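Me: I have a model open and want to go through a few local features with you. Can we take them one at a time?

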Amino acid sequence: MSRPSTDVSKELPSRETIDPAVLEQASLWMARLWSDDATDDQRDACLQWRQAAPEHERAWQQLQAIDGRLGTLPSHAARSELFEVSSPLSRRHLVQWGGVALLAGGLGFGLPRTPQWQRQFADYATGIGEMRDVTLSDGTQLHLDTDTAINISFDADQRRIHLVRGGVLITTAKTTDARVFSVLTREGLSYPLGTRFSVQQQAGSTHVAVYEGRVALERRGSDERTTLDAGQQAEMSASRVMPPEPLDPTEIARFQGRLVAESMRVIEVVEVLARYRHGVVRCAPEVANRRVSGVFSLQDTDRALASLADALSLEVVYRTPLWVTVKSRRDDKS
C-alpha cells in the first residue's frame with residue numbers, strides 16, 4: 001500500500017554539523033521532560049543546557065521536530081504512551097510502532113542507546129535507585145540492580161539473558177533443564193553451572209562474581225573459556241578475560257541495598273551513591289582521597305551522604321535536590 005511521502009530530511013533542520021554526543025544529550029533531556037514526574041528544576045536545567053551553546057539548541061530543535069511528528073501519529077503510538085512510566089512496555093510493542101522506531105533510529109539521534117530507551121523497551125528493567133526481583137519461567141531468580149535493563153530469550157534449545165545495562169544477581173533454577181543457560185553482555189557470554197552469581201555491564205567491560213557453583217566466561221569471537229569457581233571474580237573486556245581474583249565479600253551487599261566501605265576513598269563512595277539517585281553528585285577535590293569505612297544505605301542516598309559527612313566532618317551542599325556536592329566544612333581548618 002502506498003503512503004504519502006514523508007521526507008523527514010526536508011522537514012527537519014540540518015544535523016550534519018551537530019556532534020552525535022550533543023544529539024544524544026538532547027535526547028536524554030527530552031526523555032526526562034517527557035516523563036510524568038519531570039520537575040521544574042529539571043526543566044530549568046534543560047533550559048540552561050540549551051542556552052549554553054548554539055549547537056545544544058540546534059540539537060534540541062531537531063528533536064522537537066521529531067516530537068511534532070509524533071503528535072501526528074495515532075494515539076497508540078504517541079509519546080505519552082510510548083514513555084508511560086507506570087506501565088513499562090515490551091520491545092514487542094515497538095514492532096507495532098515501526099514508524100516511530102524508523103523515525104528515531106533512522107535519523108541517528110542515538111535514542112536506542114539512551115538509558116531511558118533501553119529500560120523502556122526491555123523485558124524487565126529498573127529505574128535509578130530502584131531494585132527488583134524477578135522469577136523466570138524455569139524458576140531462575142533474578143535480582144536487578146539500579147538502572148538495569150535485561151531481555152529474556154527462552155526457546156527449545158537455550159535460555160539466554162541479555163544484560164543490556166546495569167547489573168543482575170542470578171540464582172539459577174535447581175530443577176533439571178537440558179537447555180543451555182547463558183548471560184549475554186557486550187563483551188561476551190557467561191555460562192553458569194548450577195550457581196549463584198552476579199554480572200555487571202560496565203563502560204568497557206563485564207564484571208562477573210561467583211558466589212556458588214561455577215561460571216565459564218567466553219569473549220565474543222572466541223571459543224576459549226575461562227572458568228570461575230565460587231569465591232572468584234573476573235573482568236572480561238573485548239580483548240581478553242583478566243585472570244580470576246578472590247571475590248570481594250562486600251560486593252553482594254549492593255544487591256541487598258547496602259554499600260559496605262572498607263577504607264574506601266570518598267570519591268569512590270560518591271560515585272557508587274550517584275548510581276542510585278537522580279541528578280549529579282560531585283566530590284570536591286580536597287576531600288576526594290580521604291578514606292572512610294562504614295555501611296551506607298543505597299535505598300536512601302540522602303541519609304548515606306549525611307552519614308558520610310558525619311563520619312569525616314564533611315559538608316553536603318544541595319544546590320537543588322538534583323545537584324549535590326560533598327566538600328570540606330567551612331569551619332574545618334585542618
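Me: His207, buried or exposed?
Reply: His207 counts as buried, because its relative accessibility is 8% and the cut-off for buried is under 20%. Keep in mind that this is a predicted model.

Me: Which strand is His207 in?
Reply: His207 lies in strand S8.

Me: And what does its side chain make a polar contact with?
Reply: With the side chain of Glu251, at 3.1 Å. Glu251 is also among the residues that His207 touches once those up to four places away in sequence are set aside. The others are Ser198, Val199, Gln200, Gln202, Gln233, Ala234 and Glu235.

Me: Salt bridges next. How many are there?
Reply: The structure holds 13. One of them joins the side chains of Asp177 and Arg159, with an N to O distance of 4.0 Å. That pair links distant parts of the chain, 18 residues apart: Arg159 is in strand S5 (158–171), and Asp177 is in the loop between S5 and strand S6 (180–184).

Me: How accessible are Asp177 and Arg159?
Reply: Asp177 has 27% relative accessibility, so it counts as partly exposed. Arg159 is at 9% and therefore counts as buried.

Me: What does Asp229 pair with?
Reply: Asp229 forms a salt bridge with Arg214, and the closest N and O atoms are 2.9 Å apart. Since Asp229 lies in strand S9 (residues 226–229) and Arg214 in strand S8 (residues 206–219), the bridge ties together parts 15 residues apart in sequence. Asp229 counts as partly exposed, at 33% relative accessibility, and so does Arg214, at 41%.

Me: Which residues are joined into one network by salt bridges that share partners?
Reply: Asp138, Arg159, Asp177 and Arg179.

Me: What about Arg303?
Reply: Arg303 forms a salt bridge with Asp300, the closest N and O atoms being 3.7 Å apart. Asp300 counts as partly exposed, at 31% relative accessibility.

Me: Moving to helix H10. What span should it have, and how far apart are its ends?
Reply: H10 covers residues 301–312, which is 12 residues, so at 1.5 Å a residue it should span 16 Å. Its end C-alpha atoms are 17 Å apart, which agrees.

Me: Which of its residues are buried?
Reply: Thr301, Ala304, Leu305, Leu308, Ala309 and Leu312. Viewed down the axis of H10, they fall within an arc of 135°, so they line one face of the helix.

Me: What does that set pack against?
Reply: The buried residues of H10 pack against helix H9 (266–274) and four strands, S13 (280–283), S14 (291–297), S15 (314–320) and S16 (323–328).

Me: Anything just after the helix?
Reply: Ser313 follows H10 and takes a positive phi of about 55°.

Me: Last topic, the largest nonpolar core. Which members touch the most others?
Reply: Val266, Val269 and Leu308, out of 26 residues in that core. Strand S12 (258–265), H9, S13, S14, H10 and S16 each supply at least two residues. H9 gives the largest share, six residues.

Me: What does Val269 touch?
Reply: Leaving out residues up to four places away in sequence, Val269 touches Leu259, Ala261, Met264, Val292 and Leu308.

Me: How many residues are in the second core?
Reply: That core is separate and has 22 residues, including Leu144, Ile152, Leu163 and Val168. In soluble globular proteins, nonpolar side chains tend to be buried together.

Terms used
Residues numbered from 1 in each chain as written. Predicted model: local features only at pLDDT ≥ 70, side-chain atom pairs only at ≥ 80, totals over all residues. Heavy atoms only, no water. Expected span 1.5 Å × (residues − 1). Buried < 20%, exposed > 50% of the residue type's maximum accessible area, 1.4 Å probe, protein only. Arc of directions from axis to C-beta. Contact = heavy atoms within 4.5 Å. Core = buried A, V, L, I, M, F, W, Y, C linked by side-chain atoms within 4.5 Å. Polar contact = N/O pair within 3.5 Å; in protein donor to acceptor, adjacent residues only side chain to side chain.
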